[in-house]
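These are my notebook entries on a structure I went through feature by feature. I begin with empty space and then turn to the sheet and the backbone.

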Amino acid sequence: MWYHRPVVNEELLQSLPNLRIVASSGVGIDHLDLNLLSSYGVKVSNTPFVVSTDTADLGMALMLASSRRLVEGYEMAISPDTEYFPADWLGVEVSGATLGIVGMGTIGYKVAERAKAFEMKILYHNRNRRKKEEESAVGAVYCKKIDDLLQQSDFVLLAVNLTPQTQKLIGKRELELMKPTAILINISRGLVVDHDALVEALQKKIIKAAALDVTDPEPLPRDHPLLKMKNVIITPHIGSATKKTRRIMMEEMTESIEAGLAGLPVPHEVL
């Protein structure tokens, strides 16, 4: 499966009685009904670790691009109407700012490692607290309550898996807890954010800006308000989109398929 295609539903499973394994690219499995697949005796694999480095890099890229208003600056620099660069056209600092990471799994932790190089103060909220030595290595402070993280952070970066518990994790209430100068960055799944609430928060300047690699749906309808806002950056779900990583992802999927067909233990099997 690539980009969640083909859709694996009961109709497909009934039409493929010899199906043994579904190998899905990327880390997320929210598009798969694991109970349904298991009832047909079909195994599932994904590629959970290879995507982490590139996705963390993109998270930092979005943070820098949104804070320094790179897209707006580019448009100004190339516009045929530009006669001078205004001196009061300013961004906000990343170095020394407070980054709140929601979801300190492999990707979230790699973002923290990169943020440490920018001398950022790092807060994180996670289902499970990291080991003390892992926190110390990146200088991260655990927030048991997400509200505490939202209230203190200059940047809020989402790196959670999509589950029933994280769907619309960031809604009207959570956005109103954030600083009016804060920037929201989403590199997880589009459904983690309530898009209607986000539009309202940006229009009313409840938060400063947003940078999204994921939306729901993908792509957004061409008349969606988020596409018209200068304080929003949207990229086309490219967290893992480098030549090297995509090649490794395909190799890992092939290895899983070969193992599944041979009756061997499946690498990266989702249980």
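**Entry 1: the cavity**

Which residues line the largest cavity? I looked this up first, keeping in mind that the model is predicted, and found the lining to be K172, L175, E176, A197, E200, A201 and I206. Helix 8 (172–177) and helix 9 (195–203) are the elements that give two or more residues to this lining. The volume of the largest cavity comes to about 30 Å³, and my search of the whole structure returned one cavity of 30 Å³ or more. Sorting the lining by class, I noted four nonpolar residues and three charged ones, with no polar residue.

**Entry 2: the second largest pocket**

I then turned to the second largest pocket, for which I noted a volume of about 350 Å³. Its lining holds 19 residues, and those that lie nearest the centre are E72, A209, K230, N231 and V232. By class, I wrote down ten nonpolar, two polar and seven charged residues for the lining of this pocket.

Which elements each supply at least two residues of that lining? I found helix 3 (52–67), helix 4 (70–78), strand 8 (209–212) and strand 9 (232–234), and the largest share, three residues, comes from helix 4.

**Entry 3: the sheet**

For the sheet, I wrote down an open arrangement of seven strands in the order 5-4-3-6-7-8-9, with parallel pairing. Strand 5 and strand 9 stand at the edges with a single partner strand each, so one side of each has no neighbour in the sheet. From one strand to the next, the twist averages 15°.

At one end of the order I looked at strand 4 (residues 121–125), which pairs with strand 5 in the parallel sense over three bridges, and I noted that L123 stands opposite V141 of strand 5. Helix 5 (residues 106–117) packs on the sheet and touches strand 3 (98–102), strand 4 and strand 6 (155–158), with a direction that makes about 170° with that of strand 3.

I next looked at strand 7 (183–186), which pairs with strand 8 in the parallel sense over four bridges; there A211 is the bridge partner of I185. Helix 9, already met at the cavity, lies across strand 7, strand 8 and strand 9 and runs at about 145° to strand 8.

Which way do the residues of strand 8 point? I found A209 and A211 pointing one way and A210 and L212 the other way, all of them buried. The general rule I set beside this is that side chains in a regular strand alternate between the two faces of the sheet. A209 I had already entered among the residues that lie nearest the centre of the second largest pocket.

**Entry 4: C143**

I located C143 in the loop between strand 5 (140–142) and helix 7 (146–152). Is C143 buried or exposed? I entered it as buried, because its relative accessibility is 6% and the cut-off for buried is under 20%.

Leaving aside neighbours within four places in sequence, I listed the contacts of C143 as L123, Y124, H125, D148 and L149; L123 is the residue noted above opposite V141. I also checked C143 against I107: the two are 36 residues apart in sequence, and their C-alpha atoms lie 18 Å apart in space.

**Entry 5: backbone details**

Where I checked peptide bonds, I noted that the one from D216 to P217 is cis, with omega near 0°, and that the one from E218 to P219 is also cis, with omega near -5°. P217 is in the loop between strand 8 and strand 9, and P219 lies in the loop between those strands as well.

I also looked up phi for two residues other than glycine. For Y3, phi is near 55°, a positive value, and I placed Y3 in the segment before helix 1 (10–15). For R69, phi is likewise positive and near 55°, and R69 sits in the loop between helix 3 and helix 4.

How accessible is each of them, and what are they counted as? Y3 has a relative accessible area of 43% and is partly exposed, while R69, at 23%, also counts as partly exposed.

Conventions:
Residues numbered from 1 in each chain as written. Predicted model: local features only at pLDDT ≥ 70, side-chain atom pairs only at ≥ 80, totals over all residues. Heavy atoms only, no water. 1 Å grid on protein atoms, 1.4 Å probe; cavity = no way out; pocket = protein on both sides within 12 Å on 5 of 7 lines; lining within 4 Å. Points joined across faces, edges and corners; volume = space filled by probe spheres on them. Nonpolar A, V, L, I, M, F, W, Y, C, P; charged D, E, K, R; others polar. Buried < 20%, exposed > 50% of the residue type's maximum accessible area, 1.4 Å probe, protein only. Contact = heavy atoms within 4.5 Å. Pairing = 2+ DSSP bridges. Axes fitted to C-alpha atoms, helices over the stretch in contact; angles between N-to-C directions.
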